[in-house]
Each structure stands twice: as structure tokens, then as C-alpha cells.
Amino acid sequence: MSEKSNVCQSCGMPLLKGEDFGTEEDGSTSSIYCSYCYQQGSFTDKNASFEGIAEHGAQIMSQMYGMPIEKARTFVIDHIKTLYRWSGRIAPSCQSCGMALFSDTDAGTEHDGTLSSLYCTYCYQNGEFTEPDLTHDTMIKKYAPILANQLEVPSDKAEEMVRVFTSGLSRWKN
């Protein structure tokens, strides 16, 4: 598969460093799966179920971010149901906020009115960012309180979560 992903297309783990990626049968790096889910060209747990992956992910999210388990479970289920292993397609993510671009209505627009393949409608319209002066740190400070409230996590953990999940996006890479 030639498409690249910012998150593992099985479990949703952010793919930030080389060691995060799994390997193909020939030893090359997988472009879409993490090292926990995929090694030597196959899934490490061939019998893994959507429910099992979701529950494992919810436990990790709950522990890492101090999130109530029910909130973590809902968050993980909503996130991983769109991934290639479970949906059969890779939905591109906005390279500014990380929102999945499921349909044309999610995509931003270029100057000529064509749909952007990189950015969502909230971040990018008419070939320009809707908030052109926004920095990664400012974006984190802006959206972390919303996430903290929705997921019932401490604000410092919400900031950490936003930072981790957006640091691999092309708008914020240095």
C-alpha cells in the first residue's frame, strides 16, 4: 500500500518516530501500521477483534490521560472505526487539526474551488488557512480546554493529548 498514515490504521496510535512503524514481510517499514499491531507483513494478533482493540486502547487512554473509562471507550471506538483495518479505507486526516476527511463536505477548498486533499473546511478555505497566524502552541491552548471538558480529563493531560495527536501533522512539523 502506497498511502501514508499519521496513525496506525489498526489501533490509532500516532506514528511519530521510525520505531513506531511496523514492518512488511521484506523488512521494509509499513506505511500504515504500528510495530505493536504489525510485524513481518502480518498482524501480531491475527484474531484481534475490533472490540478487543477498542477495549485495549480505552484502557491505555484512560491510564495515560486520567480519562474516565467510559469516555475513553467512546473516544477510541469513534476513532478506530474509521481506520483501514476496520473500515477498508484510509480516510485522510486534516494536516492542521487531525479531523478525518470522510466526505467532500469535510474538505477545505483551494483558490480555484477544488477540494483540498490536505485540510478540512474548518482550517482551510479558498486556498488559505482560516487562522493563518495560528501556531501549534496556540492551537493546543485553544482546543485543549474543549477536549478536557468533553473527555473529563485534567487540562494538562488534554494539552498533552492534543500535542501528541497533532505533532505529526504537516502544518506543525518544523
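**Close-up 1. Helices H1 and H5 pack against each other in this predicted model.** The axes of H1 and H5 lie 9 Å apart, and the two helices pack at an angle of about 125°. That angle makes H1 oblique to H5. On the H1 side, look for Met61, Met64 and Tyr65; on the H5 side, they meet Lys157, Glu160, Met161, Val164 and Phe165. Sorted by class, this contact holds six nonpolar residues, two charged ones and no polar ones.

**Close-up 2. Helix H1 crosses helix H2.** H1 covers residues 50–65 and H2 covers residues 69–80. Their axes come within 8 Å and cross at roughly 130°. The two helices are therefore oblique to each other, and their crossing is right-handed. From H1, the contact takes in Phe50, Ile53, Ala54, Glu55, Gly57, Ala58, Gln59, Met61 and Ser62. Facing them from H2 are Ile69, Ala72, Arg73, Phe75, Val76, Ile77 and Ile80. By class, the contact of H1 with H2 counts eleven nonpolar, three polar and two charged residues.

**Close-up 3. Glycine 57 sits in helix H1.** Is this glycine buried or exposed? Glycine 57 has a relative accessible area of 16%, so it counts as buried. For a landmark elsewhere in the chain, try cysteine 11: its C-alpha atom is 7.1 Å from that of glycine 57, although the two are 46 residues apart along the chain. Glycine 57 is also one of the H1 residues that meet H2.

**Close-up 4. Helix H4 crosses helix H5.** Here H4 runs over residues 136–151 and H5 over residues 155–166. The axes come within 8 Å and cross at roughly 120°. H4 and H5 are therefore oblique to each other, and H4 passes H5 in a right-handed crossing. The H4 residues in the contact are His136, Asp137, Met139, Ile140, Lys141, Ala144, Leu147, Ala148 and Leu151. Their partners in H5 are Ser155, Ala158, Glu159, Met161, Val162, Arg163 and Thr166. This contact divides into nine nonpolar, three polar and four charged residues.

**Close-up 5. Two charged residues of helix H5, glutamate 159 and arginine 163, contact residues of H4.** Glutamate 159 is partly exposed, with a relative accessible area of 24%. Leaving aside neighbours within four places in sequence, glutamate 159 touches Ile140, Lys141 and Ala144. Methionine 139 is 20 residues away from glutamate 159 in sequence and 9.8 Å away in space, C-alpha to C-alpha. Which residues does arginine 163 contact, once neighbours within four places in sequence are set aside? They are His136, Asp137 and Ile140. Arginine 163 also counts as partly exposed, at 37% relative accessibility. To relate arginine 163 to methionine 64, note that 99 residues separate them along the chain, while their C-alpha atoms are 14 Å apart.

**Close-up 6. The largest nonpolar core has 26 residues.** If you want good starting points for finding your way around, Met61, Met67, Ile80, Val153 and Met161 have the most contacts inside this core. The elements giving two or more residues to the core are H1, H2, H4 and H5. Methionine 61 is worth a click: beyond its neighbours within four places in sequence, it contacts Gly66, Met67, Ala72, Phe75, Val76, Met161 and Phe165. Another core, of ten residues, lies apart from the largest one, and among its members are Cys8, Met13, Cys34 and Cys37.

**Close-up 7. Glutamine 40 and asparagine 126 have positive phi values.** Glutamine 40 has phi near 50°, a positive value in a residue other than glycine. You will find glutamine 40 in the loop between strand S3 (38–39) and strand S4 (42–43). With a relative accessible area of 62%, glutamine 40 is exposed. Where is asparagine 126? Asparagine 126 is in the loop between strand S7 (124–125) and strand S8 (128–129). Its phi is about 55°, again positive although asparagine 126 is not a glycine.

Definitions and conventions: Residues are numbered from 1 along each chain as its sequence is written. This is a predicted model: local features need pLDDT of at least 70, side-chain atom pairs count only at pLDDT 80 or more; totals for chains, interfaces and linings use all residues. Side-chain values use heavy atoms; hydrogens and water are left out. Axes are lines fitted to C-alpha atoms, for helices over the stretch in contact, and angles run from 0 to 180 degrees between N-to-C directions. Helices (H or I, at least four residues) and strands (E, at least two) are DSSP runs, numbered from the N terminus. Angles under 35 degrees count as roughly parallel, over 145 as roughly antiparallel, 65 to 115 as roughly perpendicular and the rest as oblique. A crossing is left-handed if the near helix is turned anticlockwise from the far one by less than a right angle, and right-handed if clockwise. Contact means heavy atoms within 4.5 Å. Ala, Val, Leu, Ile, Met, Phe, Trp, Tyr, Cys and Pro count as nonpolar, Asp, Glu, Lys and Arg as charged, and the others, Gly among them, as polar. A nonpolar core is a set of buried Ala, Val, Leu, Ile, Met, Phe, Trp, Tyr and Cys residues joined through side-chain atoms within 4.5 Å. Buried means under 20% relative accessible area, exposed over 50%, partly exposed in between (1.4 Å probe, protein chains only).
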